[in-house]
Amino acid sequence: MLKILPKTSLQLSICESNFLRLKKVLQNFKKDKYIFETINPNQTSNPILFKVIQRTQHTLIIEAKQKVKENDLNSFVIRIQLCLDAKLAEVISYQGEKPIPYFMGISRTQSKDEKIQQNRFLTEWLESIFCSGICSEIKFNE
């Protein structure tokens, strides 16, 4: 199927990979709240919060926050929709901004490939978590 739809095949691959990364970090999505702290010897640790804000039989909507102590501008909030049956995870909101659906026209304030950029950001962020490591169950000041 991915060969038939070349315009969406990259996006589907990214969403599929992000699902697998999130499943590993969030221990198969059993809890509604996960709190971690990054382990990085070069920097102070930065708390990470994953919170399930909606759970249905086939989907989850998760809000992920990272609070960067040294620079508040690097802190972020991202919302992710997980399709459990399709095994896909897609960013639905970044910093409160929603990406443009593919079927709508492009607005002046949003770029054409914003959805792809947000999903790539999620990929890179999850990879950085795996590279630096995390420890669980810390205090998080929201």
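**Note on the predicted model**

1. Start with the order of elements. Along the sequence, the protein follows the pattern α-β-β-β-β-β-α-β. That gives two helices and six strands. Keep in mind that this is a predicted model.

2. Next, the overall picture. The protein has 142 residues, and 39% of them count as buried. Now take the contacts with a separation of 6 or more. Residues 24 or more positions apart account for 47% of these.

3. Look at strand 4 and strand 5. How do they run, and how many bridges join them? They run antiparallel, and six bridges join them. One facing pair to find is Ile78 and Tyr94, the latter in strand 5. The two strands form a hairpin with four residues between them. In this hairpin, Lys87 takes a positive phi near 60°. As background, side chains in a regular strand alternate between the two faces of the sheet.

4. Move to the second largest pocket. About 150 Å³ of space lies in it. Which elements give two or more residues to its lining? They are helix 1 (6–25), strand 4 (76–83) and strand 5 (88–94). So the hairpin strands of point 3 appear here again, as strand 4 and strand 5 both contribute to the lining.

5. Stay with that lining. Ten residues make up the lining of the second largest pocket. Gln11, Leu12, Cys15, Leu88 and Glu90 lie nearest the pocket's centre. By class, the lining has six nonpolar, two polar and two charged residues.

6. Pick out Leu12. This residue lies in helix 1. Is Leu12 buried, partly exposed or exposed? Its relative accessible area is 28%; buried means under 20% and exposed means over 50%, so Leu12 is partly exposed. Leu12 and Ala89 are 77 residues apart along the chain, yet their C-alpha atoms are separated by 9.1 Å.

7. Now check helix 2, residues 114–132. What span should its 19 residues have at 1.5 Å a residue? The expected value is 27 Å. The end C-alpha atoms are 27 Å apart, so the two values agree.

8. Finish with the surroundings of helix 2. Its buried residues include Ile116, Leu122, Trp125, Leu126 and Ile129. Glu114, Lys115, Gln118, Asn119 and Thr123 are also on the buried list. After helix 2 comes Gly133, whose phi is positive, near 90°.

Key: Residues numbered from 1 in each chain as written. Predicted model: local features only at pLDDT ≥ 70, side-chain atom pairs only at ≥ 80, totals over all residues. Heavy atoms only, no water. 1 Å grid on protein atoms, 1.4 Å probe; cavity = no way out; pocket = protein on both sides within 12 Å on 5 of 7 lines; lining within 4 Å. Points joined across faces, edges and corners; volume = space filled by probe spheres on them. Nonpolar A, V, L, I, M, F, W, Y, C, P; charged D, E, K, R; others polar. Buried < 20%, exposed > 50% of the residue type's maximum accessible area, 1.4 Å probe, protein only. Expected span 1.5 Å × (residues − 1). Pairing = 2+ DSSP bridges. Contact = heavy atoms within 4.5 Å.
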